[in-house]
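Trainee: Please put the model on screen; I have some questions about its geometry.

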Amino acid sequence: MLEIKGLRSAYGRIEVLKGVTLHVETGEVVALVGSNGAGKTTLLRALSGVQPITGGEILFNGEPIHRLPPHRRVDRGITQSPEGRQVFGPLTVEDNLRLGAYRRSDKDIGSDRDRVFTMFPILAEKRHLLAGGLSGGQQQMLAIGRALMGRPKLLLLDEPSLGLSPLLVDQILDAIVSLRKDGITVLLVEQNASAALAIADRGYVLETGKVAYTGAGSALLADPQVKAAYLGIE
Amino acid sequence: MAEFLQFLISGLTVGAVYALVALGFTLIYNASGVVNFAQGEFVMLGGMVTVFVSAAGVPLPLAALIAVCVAVVIGLLLHRFAIEPARGASAVTLIIITIGASILLRGIAQIVFDKQFHKLPSFSGDTPVDIFGAAVQPQSFWVLGGAAVVVLGLYAFLERTVLGKAVLATAANRLAARLVGINTTTIMALAFGGSAAIGAIAGILVTPITLTSYDVGTLLALKGFAAAMLGGMGNPLGAVVGGLLIGLLEAFGAGYLSSTYKDAFAFLVILVVLFAAPQGLFGRRAVERV
């Protein structure tokens, strides 16, 4: 479904992605783990088209998309729940969800919104409140819900568990697992590597802008080198 | 009492114009973070184009429509050829670009039109209406009514349409707006076009009262800017309230103190706001939870 070949990206003169090659197959949950500054967020932003790339290519269903502007990539079926949630604070929960479906004009927007409400009932309760006033966990649910409103084929999730209580982390992870049942392919970036690899089919470990390790989620979890370097387990 | 009422109405009238100019500032500022100092030139274009087109024999309503269209085209060109190529530049750079655009537009207006003052006939005659002893020009009602229609229309657009909400979303979080598929370049163009239209409408409505010339934009932009600052930059409600307050301040100041200092009040307001409450009356304080 998604194929990234030799992707490079830089902030000014500092190269953050130094030739990343990876692929995601339809129906998979793929985790992208690695330490701070490894380039995980940059990679997701480059996939959505909000971070310029300096080399390499991105193929989506076999077609190159790396020259398309962000809204055309949303049209193709790639949406993102960004790092730090980035909800539209001065707008209501409902408006945030509606804007997630900004590129759509079909009649199912209302029923898709209700599905998000079923998935995260707290959002239904707070539908008329401003998103800026929600708690961190509720904003995270809203950010994921907003990305789902775009009817993604490929959902990019950037640090969905950051700063949340363990209980909420479990709830978010359960939600991600349930997405797979709906046929949505997920590329998940996490600092919480052990949790991410536990629910992922496959994983990639990113190290200073390059893929250092790759394999099945369970295999990476068991790999002594990955354990020592990224999971904080001896 | 009659005197007070007289000042009140003339203050509200001129304040409504400042409010429209301030709304123009707000719309562009929200969509792009740019303070557009060429905003006053849109007001000038509205008045001047109407004057010259109607002098060529075109009926006034049509001339006014043409003037709004000219201003919108200039606004779009300003965005496309001056702001868009400088995307990513610092706020100061962008402000200097708009100041440059303002000088350029004034220069062109001086050549295309002339350096004289011009008047438009009042839309509904010049017979003053007596309201509790105050003599009110019928054009004042046009200004107040027109401003009210623009404000309500803009409010309905921003609150009731998905495109309007996309403008608010772009203002709130540009990155997230792009991620949900909002084409932020289009939104910016829309803001420049919309601001130009609002400015031009203000210029057309007020020209029968205040006259117009190629350089009326400068002072109006500064007063409108003061109004936007007073209300809290980026807040549409604040822009309207700020505009009306500055208009009232000017009218009462000129009436009860001295008309010599009429124009000084707006600048006094800028200074007081900057020193005492930089976020303005309705400015958003950063209270978002993280």
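The exchange below covers packing, charge and one helix.

Mentor: This is a predicted model, in which local features need pLDDT of at least 70, side-chain atom pairs count only at pLDDT 80 or more, and totals for chains, interfaces and linings use all residues. Residues are numbered from 1 along each chain as its sequence is written, chains are lettered from A and ligands numbered from 1 in the order in which they are written, and side-chain values use heavy atoms, with hydrogens and water left out.

Trainee: What is the radius of gyration of chain A?

Mentor: Chain A has 10 helices and 10 strands (DSSP runs, numbered from the N terminus: H or I of at least four residues, E of at least two). The globule rule (2.2 Å times the number of residues to the power 0.38, for a radius over C-alpha atoms) gives 17 Å for 234 residues, and chain A is close to that, so it is as compact as a globular protein of that length. Its radius of gyration is 17 Å.

Trainee: How far apart are the mean positions of the positive and negative charges of chain A?

Mentor: Lys and Arg count as positive, Asp and Glu as negative, without His and the chain ends; each charge is placed at NZ of Lys, CZ of Arg, CG of Asp or CD of Glu. For the 27 positive and 25 negative charges, the mean positions are apart by 6 Å.

Trainee: Which residue follows helix 1 of chain A?

Mentor: Helix 1 spans residues 40–48, and 8 of its 9 residues are buried (under 20% relative accessible area, 1.4 Å probe, protein chains only), so the helix is largely enclosed by the rest of the structure. Among the buried ones are Leu43(A), Leu44(A) and Leu47(A). The residue after the helix has a positive phi, near 90°, and is Gly49(A).

How values were computed: Buried means under 20% relative accessible area, exposed over 50%, partly exposed in between (1.4 Å probe, protein chains only).
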